[in-house]
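Got a few minutes for some structure reading? Grab your viewer and try the exercises below before peeking at the solutions.

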Amino acid sequence: MNTRRSGHIAALLLSLLLAGCEREAPVRGFVLPPGDADRGRQVFIDYNCYRCHSIPDVELPERDFEPPFVVELGGEVLRVKGYGELLTAVVYPDHIISPKYQNLLNRAGKDVQMTAMPYFGDSMTVTELTDLVEFLHGQYTRLQPTYYQPHYPGIR
Ligand code: HEC
């Protein structure tokens, strides 16, 4: 690989990273087709996400086993999760270990070494991923006084 090409790849990776960290700015550097939130809910069920996660006000099948920790997604949060962050959380769960999960473990007197969340990169299609993230993103869009989302004019 020549240096120019690797420079491009480095720039792409950097912009992906920034898109993940910089919530308020419109997503730049990569664009995925819009997802379908209803289908995303079905993906959430089909991939057994509900076995380890709950979402307030979303009806999900009953779990057939109780995981040691149920990490709640969505709902009323002080800082709304961005599209990029959610996408990264699904395809690369070890990148950032959810502070919520760390708190749950700390309270149980345990240290967090790595995520308990499986990798879905080899099983999920891109369409399933975009539908899923569309669905998840919608779970965090409840109005918060400090939350300003430039994509939706009128919401301050
Ligand atoms: C075996 C249990 C398990 C399954 C199945 C699972 N997760 Fe997770 N997930 C976790 C744990 C534990 C965490 C917290 C650690 C971390 O951030 O990686 C987590 C974190 C997350 C986060 C970040 C939450 C936050 O507040 O930062 C998202 C988003 C998420 N999972 C979505 C999903 C989706 C979507 C699926 C299904 C495709 C799924 N998870 C399947 C255990 C699981």
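Here come three exercises on this predicted model, each with a worked solution.

**Exercise 1. The ligand shell**

Work out which residues are closest to the ligand, what classes the shell is made of, and which backbone atoms lie by ligand oxygens.

*Solution.*
- Step 1: Start with the shell. There are 24 residues around the ligand, and the closest are Cys49, Cys52, His53, Thr115 and Met117.
- Step 2: Sort the shell by class. You should get 19 nonpolar, 4 polar and 1 charged residues.
- Step 3: See which helices contribute. Helix H3 (83-91) and H5 each give at least two shell residues, and the largest share, 3 residues, comes from H3.
- Step 4: Check the backbone. A backbone N or O atom of Ser98 sits 2.6 Å from a ligand oxygen. For Pro93, a polar backbone atom is 3.2 Å from an oxygen of the ligand, and for Ile96 a backbone N or O atom is 3.5 Å from one.

**Exercise 2. The salt bridges**

Find how many salt bridges there are, and say for each partner whether it's buried, partly exposed or exposed.

*Solution.*
- Step 1: Count them, taking a side-chain nitrogen of Lys or Arg within 4 Å of a carboxyl oxygen of Asp or Glu. That gives 3 salt bridges.
- Step 2: Take Asp131 and Arg39, whose closest N and O atoms are 2.8 Å apart. Asp131 belongs to helix H5 and Arg39 to helix H2 (residues 37-46), so this pair ties together parts 92 residues apart in sequence. Asp131 counts as buried because its relative accessibility is 4%, while Arg39, at 47%, counts as partly exposed.
- Step 3: Move to Arg51 and Asp64, with 2.9 Å between the closest N and O atoms. Arg51 is in the loop between H2 and strand E1 (53-54), and Asp64 is in the loop between E1 and strand E2 (71-72); the two are 13 residues apart and link distant parts of the chain. Arg51 has a relative accessible area of 25%, so call it partly exposed; Asp64 has 58%, so that one is exposed.
- Step 4: Finish with Arg63 and Glu66, where the closest N and O atoms are 3.7 Å apart. Arg63 is partly exposed at 25%, and Glu66 is exposed at 57%.

**Exercise 3. A surface patch**

Which residues form a nonpolar patch on the surface with Tyr119, and where in the chain is Tyr119 found?

*Solution.*
- Step 1: Pick out the patch. Val91 and Tyr92 join Tyr119, and together they have about 290 Å² of accessible area.
- Step 2: Place Tyr119. Look in the loop between helix H4 (99-107) and helix H5 (126-139).
- Step 3: Classify Tyr119. With 44% relative accessibility, Tyr119 is partly exposed.

How values were computed:
Residues are numbered from 1 along each chain as its sequence is written. This is a predicted model: local features need pLDDT of at least 70, side-chain atom pairs count only at pLDDT 80 or more; totals for chains, interfaces and linings use all residues. Side-chain values use heavy atoms; hydrogens and water are left out. Patches are made of residues with over 30% relative accessible area and no salt bridge: like charges are joined within 9 Å, nonpolar side chains (Val, Leu, Ile, Met, Phe, Trp, Tyr) within 5 Å. Accessible areas come from the Shrake-Rupley method with a 1.4 Å probe; for residues, only the protein chains shown count as cover. Helices (H or I, at least four residues) and strands (E, at least two) are DSSP runs, numbered from the N terminus. Buried means under 20% relative accessible area, exposed over 50%, partly exposed in between (1.4 Å probe, protein chains only). A residue is near a molecule or strand if one of its heavy atoms lies within 4 Å of it. A polar contact is a pair of N or O atoms within 3.5 Å; within protein, one must be able to donate a hydrogen and the other to accept it, and residues adjacent in sequence count only if both atoms are side-chain atoms. Ala, Val, Leu, Ile, Met, Phe, Trp, Tyr, Cys and Pro count as nonpolar, Asp, Glu, Lys and Arg as charged, and the others, Gly among them, as polar.
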